[in-house]
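This report covers charged pairs, the packing of one strand and the surroundings of one residue.

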Amino acid sequence: MRGTIATRLPRTWTPSWDGPVLRVETPSGGFVFAQDLDELSVEELDALISRVRKLFAERAQQVEWKTYRHDRHDLTERLRLAGFEPEAEETVVVGLVSDLIAAGEAPEGVTVRATTDPADLRRIAAMESEVWGRDFSWMADDLASRIESAPDNIVILVAEAGGEVVSAAWLVVVPGTQFGALWGGSTLARWRRKGIYRALVAQRAQRAARRGLTYLMVDASADSCPILRRLGMHEVSTTTPWVWTPNA
């Protein structure tokens, strides 16, 4: 999955390679993905990390280095020493599409529909901002860019009640693999524990099945991981974003 990232980015994201490190510049910040770091000396790894910091310091942007439990054992310590700080750990879970298509139905009073409407994307971003307590307005442009870049590889679902967006989630198809990724899934606090998340999993699995996909993958939060495990998904690793902020 990590090996396909550079080929499936939105047009507004710019990738560049520095050896085994993929650096991605976006309008809202940077991301780093790395594989095959085991052959590097500690000095070479520290130099790579330093160049990442320099690139995003010049852009005055925060950068997130996505690490995995199965990365080289000292990567997170080298990031810590370079001023990166960890965010919440997520669990990487994988499941069969066929096991998830009947995960749940939307509760009474809630409708789920697919959308590409820019107005809906802004409503989704506003919902995300409320859920997380910080500005997610950038997400509307990010989703729009993904739709424009590869319209056949993303399906955005919005859950509404009484005209209000209460949750949203999307399926991202990974070209050249049998995988789809389940992203999003945030739900307003007052609408949680009603089955909306399970319904969004089911509807995305149904669409994945129609596309001939075999597997679905999620970087699952502490809230969603127990639900996904009960639905039959299996833990394969964990992932932790390490974030560096200029002048922090």
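The model holds 19 salt bridges, and the model is a predicted one. Side chains of opposite charge can pair when their charged atoms come close.

**Salt bridges**

One of the bridges joins Arg51 to Asp18, with 2.6 Å between the closest N and O atoms. Arg51 sits in helix α1 (residues 42–58) and Asp18 in strand β1 (residues 14–18), so this pair ties together parts that are 33 residues apart in sequence. The two partners fall into separate accessibility classes: Arg51 is partly exposed, at a relative accessible area of 37%, while Asp18 is buried, at 15%.

A second salt bridge is formed by the side chains of Arg69 and Glu235, at 2.9 Å from N to O. This pair also links distant parts of the chain, 166 residues apart: Arg69 belongs to the loop between β4 (63–68) and α2 (75–81), and Glu235 to strand β12 (residues 234–244). Glu235 is partly exposed, with a relative accessible area of 35%.

In a third pair, the side chains of Arg190 and Glu164 meet at 2.5 Å, N to O. Arg190 is in the loop between β10 (179–187) and α6 (196–210), whereas Glu164 is in strand β9 (residues 164–173); the separation is 26 residues, and the pair links distant parts of the chain. Arg190 is partly exposed, with a relative accessible area of 46%. Glu164 likewise counts as partly exposed, at 29% relative accessibility.

The three pairs are listed below.

| Salt bridge | N to O distance |
|---|---|
| Arg51 and Asp18 | 2.6 Å |
| Arg69 and Glu235 | 2.9 Å |
| Arg190 and Glu164 | 2.5 Å |

Salt bridges also occur as a network, which links Arg113, Asp120, Arg123 and Glu160.

**Strand β2 and its partners**

How many residues of strand β2 (residues 21–26) are buried? Six of the six are, so the strand is largely enclosed by the rest of the structure. In a regular strand the side chains alternate between the two faces of the sheet. In β2, Val21, Arg23 and Glu25 point one way, Leu22, Val24 and Thr26 point the other way, and all are buried. The buried set thus includes the charged-type names Arg23 and Glu25 along with Val21, Leu22, Val24 and Thr26.

Strand β2 pairs with β1 in the antiparallel sense, over five bridges. Within this pairing, Leu22 in β2 has Trp17 opposite. The two strands form a hairpin with two residues between them, and Gly19 in the turn has a positive phi of about 60°. Strand β1 is also the element that contributes Asp18 to the salt bridge with Arg51 of helix α1.

Strand β2 is joined to strand β3 (residues 29–34) as well, by six bridges, and these strands run antiparallel. Here Arg23 has Val32 in β3 as its bridge partner. Again the strands form a hairpin with two residues between them.

**Thr91**

Thr91 lies in strand β6 (residues 90–96). Is Thr91 buried or exposed? Thr91 is buried, with a relative accessible area of 13%. Leaving aside residues up to four places away in sequence, Thr91 touches Val218, Asp219, Ala220, Cys225, Arg229, Glu235, Ser237 and Thr238. Among these contacts is Glu235, the partner of Arg69 in the salt bridge described above.

Conventions
Residues numbered from 1 in each chain as written. Predicted model: local features only at pLDDT ≥ 70, side-chain atom pairs only at ≥ 80, totals over all residues. Heavy atoms only, no water. Salt bridge = Lys/Arg side-chain N within 4 Å of Asp/Glu carboxyl O. Helix = DSSP H or I, 4+ residues; strand = E, 2+ residues; numbered from the N terminus. Buried < 20%, exposed > 50% of the residue type's maximum accessible area, 1.4 Å probe, protein only. Pairing = 2+ DSSP bridges. Contact = heavy atoms within 4.5 Å.
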